Amino acid sequence: MRRFGSHFRITHRFARDLRRGGLSDLAQDLFGLDNGAVIGLDYRFAPLTNVQVGVYRSMLARTIQVSGRVDAWQQGEELPLSLSVVASVEGTNNMREDHAPGIGLVASRTFTDRLSLYATPMFVWNTAAVHEVDQADGHEDHDHGLPTASPFDDGERNTAYVGVGTRVRVRSGTFVVAEFAPRVAGHSPAGRGVWGVAIEKQTRGHLFQLNLSNSFGTTYGQTALGGERSNIYLGFNLARRF
């Protein structure tokens, strides 16, 4: 973002598993749109052109995440990659409980404007505490059908994972996105790494993404917990840059 620029994003994940029920059942529920959803609000601000600070709030366990990013190097003739450092801390119950700091590195490589590749090694502390939280807390008035965390104690408290992804332009302003974030060390509850596929439409100031994923976690700590082994959820992101 440019200096003093800002970015606002809405994340929306429908809580129905698309693999539950037949095609007629899914159609009657408009493929999950009639079910509850996990919604998040994200705001980022750039005090400098290479620095961003942000705050994100997810309905999932009333989680608030505060984060920062420094774009240390830009891709150019001397360096084939862009490198950024990210740091965050999140907490459930509106940042009152289960604090989970995180730190990571984002490496990206673009090929003209058609293809981008990303790798993001992350380390998140205290993810075991996040896992112990009943993820349905904070939704007493809404039947979202959220899965609750099952007891799992592997003796580890922290988690390391590596996110990899790609973004391919298929036509002007339209992109296909794919990502996978396997855990590589530390606390590793049952389930697999988070994966997602999406299609994006970009305009001059807005970006709309329609996605499928095995998780509706959207913070670094929630991603560290992994996703479902077989469930698939429909969602979308809507972003606006100022």
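## A tour from T174 to the nonpolar patch

Start by selecting T174: with a relative accessibility of 11%, T174 counts as buried, because the cut-off for buried is under 20%. Keep in mind as you click around that this is a predicted model.

Now widen the selection to the strand. T174 sits in β9, which covers residues 174–181. To see what packs around T174, show V168, R169, I199, E200 and K201; T174 touches these five, leaving aside residues up to four places away in sequence.

Next, zoom out to the whole chain. You should find four helices and 13 strands. Of the 242 residues, 42% are buried. Turn on a surface and you're looking at about 12800 Å² of accessible area, 57% of it from carbon and sulfur atoms. If you draw a contact map, take the contacts with a separation of 6 or more: 55% of them link residues 24 or more positions apart.

Colour by pLDDT now. The chain average is 86, and 84% of the residues reach at least 70. Then select residues 134–151, where the pLDDT is below 50; this stretch still has 34 contacts in the model beyond near neighbours in sequence. Where pLDDT is low, the predicted coordinates shouldn't be read in detail.

Over to the strands at the start of the chain. Select β1, residues 6–14, together with β2: the two run antiparallel and are joined by nine bridges. For one spot along this pairing, pick I10, which stands opposite L41 in β2. Now add β13, which pairs with β1 in the antiparallel sense as well, over seven bridges. Here, click on F8 and look across to R240, the bridge partner of F8 in β13.

Keep F8 and L41 selected, since the next stop includes both. Add I39, Y43, V55, V66, V89 and F242, and you have a nonpolar patch on the surface, with about 630 Å² of accessible area together. Which strand gives the largest share of the patch? That's β2 (residues 37–48), with three residues.

Finish on F242, a member of that patch. Look for F242 in the segment after β13, which spans 233–241. Is F242 buried, partly exposed or exposed? Its relative accessible area is 47%, so F242 is partly exposed: the value falls between the 20% and 50% cut-offs.

Conventions. Residues are numbered from 1 along each chain as its sequence is written. This is a predicted model: local features need pLDDT of at least 70, side-chain atom pairs count only at pLDDT 80 or more; totals for chains, interfaces and linings use all residues. Side-chain values use heavy atoms; hydrogens and water are left out. Buried means under 20% relative accessible area, exposed over 50%, partly exposed in between (1.4 Å probe, protein chains only). Contact means heavy atoms within 4.5 Å. Patches are made of residues with over 30% relative accessible area and no salt bridge: like charges are joined within 9 Å, nonpolar side chains (Val, Leu, Ile, Met, Phe, Trp, Tyr) within 5 Å. Accessible areas come from the Shrake-Rupley method with a 1.4 Å probe; for residues, only the protein chains shown count as cover. A salt bridge is a side-chain nitrogen of Lys or Arg within 4 Å of a carboxyl oxygen of Asp or Glu. Two strands pair if DSSP finds at least two bridges between them. pLDDT is the predictor's confidence in each residue, from 0 to 100.
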